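Colleague: Could you take me through one part of this model closely, and then show how the rest fits around it? I would like the cut-offs spelled out as you go.

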Amino acid sequence: MSFIHRASNSHRRRLGGGYNDLVVGTGPIAYWPQNEPSGPTAHCLVNPAQNGTYTGVTLANDLTGPFDMPAPFFDGVNDYNNVQTAALAAAFNGDEGAFAIWIKVNAAGAWTDGTTRYSINGYVDIQNGVFLAKSSANNQLVFRYEAGAVTETITAAGVSSTGWMLLGQSWSKSADLVEASIDGVSAGTANTLGVWAGSLANAIIGVKDAVPTSPWHGWLGPAMYWDRPLSLSTFQSLALA
Amino acid sequence: MADFHGYFAIEDISLNDTQRDTLIAVLKNLGPATHPSPACLNHWRTRLDGDAAIFEALFDDAMLTVQAFKDRLGAIFGVDPATIDHNLTVFHFGNGDTPVAVFSHSGTDYLRMALFGGPEATWQESDDERRAYLALYAEQWESGG
């Protein structure tokens, strides 16, 4: 039995390593696989100065997360991964950028629980920020980009999957475009972007803020930020690798 | 002594700020100082109005008894814990049992405490009760997004 267990773990590490290489190859400014088996640290594979800190999450709860990497469980009440660091704030680009996260809800009922639940959130203040969340409306995802109090909201309705999904969003002030995606397929676009102001002050995974409010209920896997917009084909390569 | 990995809530009924801050500081220190699993370390969530909080950790169940809370409140009030009264009611937020105690002194209610799922609950059972409780009081606990 122990031999099988070791072999299985070795297999996962190899697969995880392959996916990590793929993500890092896209040149993110931050990448947290969130596949640690224990400990408080969420390691950033781009810059250790951007390591996050877990609060409450049950690590490696799903051993068959994206690409067979173990993934942590967020209990929907007080679990999160705080990834705010000075290094991330310095690297983050509010004018041109992208972010993505693997999500999986606790159960089908989560899509109709009437509660807003954030998977990833990065913001300066209430007028400048980005987040990906499950809406309080049934079976709906929300993709948000807000700059200078000008809000771009893209929603995806009719979502009911209980499997893993890669949510992504790109923003470009120069192209005047925000585009959301699910598994690399466009979920909508928005334009007439405002002017981003300020430096990233809060970056967090699994909740809206560290109070915490609007907590995710289910699993969250690899999460990443870029300082340039990503094409749908790149998101697709990360979803289907 | 036994381990209880689960959730409990407190609600300030009429503590003053100093009393509440003292109690919360004590409760935040329950549970192991170090543990390989973040889920077993003490962490909490505050209600939007700041008057209630839910704690989770791998607790020593002896720290969550009615007497343990009477001892804490007695120390905070500077009175004999034997003079702290309580009323205990069992709620069923989901399919489980959640004992809820209201602590009073000299006829005034000061604190409500709920042990989700009861002391014998598994983490999942405590979580189920906690989740059902939050669904019932979602407006007080959830921001609009």
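My starting point is a single pairing: in strand 15 of chain A, which residue is the bridge partner of Asn121(A)?

Modeller: Happy to help! The partner of Asn121(A) in strand 15 of chain A is Ile204(A). Before going on, a word on the ground rules. This is a predicted model, in which local features need pLDDT of at least 70 and side-chain atom pairs count only at pLDDT 80 or more, while totals for chains, interfaces and linings use all residues. Residues are numbered from 1 along each chain as its sequence is written, and chains are lettered from A and ligands numbered from 1 in the order in which they are written.

Your bridge belongs to the antiparallel pairing of strand 8 (residues 117-125) with strand 15 of chain A, which has four bridges. Strands here are DSSP runs of E with at least two residues, helices are runs of H or I with at least four, and both are numbered from the N terminus. Two strands pair if DSSP finds at least two bridges between them. The wider setting is an open sheet of eight strands in chain A, with antiparallel pairing and the order 2-3-6-15-8-9-10-11. Strand 2 (41-42) and strand 11 (150-156) of chain A are at its edges with a single partner strand each, so each has one side without a neighbour in the sheet.

Following the chain on from strand 15, the loop between strand 15 (202-205) and strand 16 (217-226) of chain A holds Pro212(A). The peptide bond that leads from Val211(A) into Pro212(A) is cis, its omega being near 0 degrees.

Strand 16 of chain A brings us to strand 7 of chain A, since these two pair antiparallel over seven bridges. In this pairing, Lys104(A) faces Trp219(A) of strand 16. Strand 7 (residues 96-105) of chain A also pairs antiparallel with strand 12 (residues 165-172) of chain A, through eight bridges, and there Gly97(A) has Trp171(A) as its bridge partner. Nine of the ten residues of strand 7 of chain A are buried. A residue counts as buried if 20 or more other C-beta atoms, placed from the backbone, lie within 10 Å of its own, as exposed if 12 or fewer do, and as partly exposed in between.

Now the core. The largest nonpolar core contains 97 residues, and those with the most contacts inside it are Ala30(A), Ala100(A), Ile101(A), Leu167(A), Leu220(A) and Met224(A). Such a core is a set of buried Ala, Val, Leu, Ile, Met, Phe, Trp, Tyr and Cys residues joined through C-beta atoms within 7 Å. Beyond its neighbours within four places in sequence, Leu167(A) is in contact with residues including Ala100(A), Ile101(A), Ser119(A) and Ile182(A); contact means that two C-beta atoms, placed from the backbone, lie within 7 Å.

One backbone angle in chain A deserves a look. Ala60(A), in strand 4 (residues 58-62) of chain A, has a positive phi near 50 degrees although it is not glycine. Ala60(A) is partly exposed, with 19 other C-beta atoms within 10 Å.

Chain B offers a parallel case: Ser106(B), not a glycine either, has a positive phi of about 55 degrees. Ser106(B) sits in the loop between strand 5 and strand 6 of chain B, and it is exposed, with 10 other C-beta atoms within 10 Å. The two flanking strands, strand 5 and strand 6 (residues 108-115) of chain B, run antiparallel and are joined by six bridges, and Val102(B) has Arg112(B) as its partner in strand 6. On the strand 4 side, eight bridges join strand 4 (residues 84-91) to strand 5 (residues 98-105) of chain B, again antiparallel, with Thr89(B) opposite Val100(B).

Helix 2 of chain B packs its buried residues against helix 1 (17-28), strand 4, strand 5 and strand 6 of chain B. Those buried residues are Phe69(B), Lys70(B), Leu73(B) and Ile76(B). They fall within an arc of 125 degrees seen down the helix axis, so they line one face; the arc is that of the directions from the axis to the C-beta atoms.

Finally, the two chains meet in a contact of 24 residues from chain A and 19 residues from chain B. On the chain B side, helix 3 of chain B gives the largest share, five residues.
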